[in-house]
Amino acid sequence: LVMEPIRAVQHLPSLTVTMLDIGSGGGSPAVPMKLMRPALSLRMVESKTRKAAFLRDVVRQLALDQTVVECCRYEELLTRPDLRETGDVITIRAVRVDNGELQKLQVLLRSGGSIFLFGGGAEGDSCDLALPPLRWGASHVLLRSHGSRLDVLIKSE
């Protein structure tokens with residue numbers, strides 16, 4: 001829960017400024033990535049009230065600036081014009097997504113932004129999820145011993 005996000009940070013584009021984490025739960029990958037890149041503006045989205053309260057406490061205890069916890073389903077963010085096309089990276093871990101959900105989420109990304117899908121299984125499993133305007137970017141092994149992988153989808157410019 002800590003090592004995978006730390007390894008994933010090296011795959012963030014150098015100009016990454018804003019990151020949105022969907023289904024933040026216990027804080028991984030968002031919190032370790034924020035600790036590695038403190039300048040990131042981070043928005044964690046968690047629909048469960050208790051988990052969102054925990055995340056707010058983590059933010060307070062670690063004094064994470066430019067970090068917001070939203071206690072809502074990600075679909076609620078889609079209705080907010082102030083968030084449309086503002087994200088550089090969206091991270092998703094332990095949340096099952098399909099093409100339809102990724103198509104919805106991509107409206108929160110600016111052109112050239114990335115979706116980081118944390119998972120396991122065969123390399124390139126997420127390739128089928130890359131429907132326009134998303135395209136397949138890359139697949140990176142995070143922890144070989146655990147079979148964990150990071151698949152990256154990129155929003156076309």
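Two strands count as paired if DSSP finds at least two bridges between them; helices (H or I, at least four residues) and strands (E, at least two) are themselves DSSP runs, numbered from the N terminus. The model looked at here is predicted, so local features need pLDDT of at least 70, side-chain atom pairs count only at pLDDT 80 or more, and totals for chains, interfaces and linings use all residues. Residues are numbered from 1 along each chain as its sequence is written, and side-chain values use heavy atoms, with hydrogens and water left out.

By that pairing rule, strand E6 (residues 134–143) and E7 run antiparallel to each other, joined by eight bridges. One of these puts valine 141 opposite arginine 149 in E7. The two strands make a hairpin with four residues between them, and in the turn glycine 147 takes a positive phi of about 65 degrees.

Zooming out, the chain has five helices and seven strands, laid out along the sequence as α-β-α-β-α-β-α-β-α-β-β-β. Its C-alpha atoms fit a box of roughly 40 × 40 × 30 Å along the principal axes. For 157 residues, a compact globule would have a radius of gyration near 15 Å, and the 14 Å of this chain agrees with that; the radius is taken over C-alpha atoms, and the globule rule is 2.2 Å times the number of residues to the power 0.38. Buried residues come to 46% of the 157, where buried means under 20% relative accessible area, exposed over 50%, and partly exposed in between (1.4 Å probe, protein chains only). The chain exposes about 8000 Å², with carbon and sulfur atoms supplying 53% of that area (Shrake-Rupley method, 1.4 Å probe). Contacts (heavy atoms within 4.5 Å) often reach far along the sequence: of those between residues at least 6 apart, 65% join residues at least 24 apart.

Now for the inside. A nonpolar core is a set of buried Ala, Val, Leu, Ile, Met, Phe, Trp, Tyr and Cys residues joined through side-chain atoms within 4.5 Å. The largest one holds 23 residues, and Leu12, Met33, Met44, Phe116, Phe118 and Leu150 touch the most other members. Helix H2 (30–36), strand E2 (41–45), helix H3 (49–61), strand E5 (109–119) and strand E7 (148–155) each put in at least two residues, with H3 giving the most, four. Apart from this core lies another, of 22 residues, including Ile90, Leu105, Ile115 and Ala130. Beyond its neighbours within four places in sequence, phenylalanine 116 is in contact with residues including Leu12, Met33, Ile90 and Leu150.

Arginine 93 sits in strand E4 (residues 87–93) and, at 16% relative accessibility, counts as buried. Its side chain makes polar contacts with the side chains of glutamate 4, at 2.9 Å, and serine 28, at 3.3 Å. A polar contact is a pair of N or O atoms within 3.5 Å; within protein, one must be able to donate a hydrogen and the other to accept it, and residues adjacent in sequence count only if both atoms are side-chain atoms.

Two further residues share Pro133 as a contact partner. Glutamine 106, in the loop between helix H5 (99–105) and E5, is buried at 9% relative accessible area; leaving aside neighbours within four places in sequence, glutamine 106 touches Pro133, Leu134 and Lys155. Serine 156, in the segment after E7, is partly exposed at 32%. With residues up to four places away not counted, serine 156 touches Ser111, Gly112, Pro133 and Arg135. The C-alpha atoms of serine 156 and proline 132 are 7.6 Å apart, although 24 residues separate the two along the chain.
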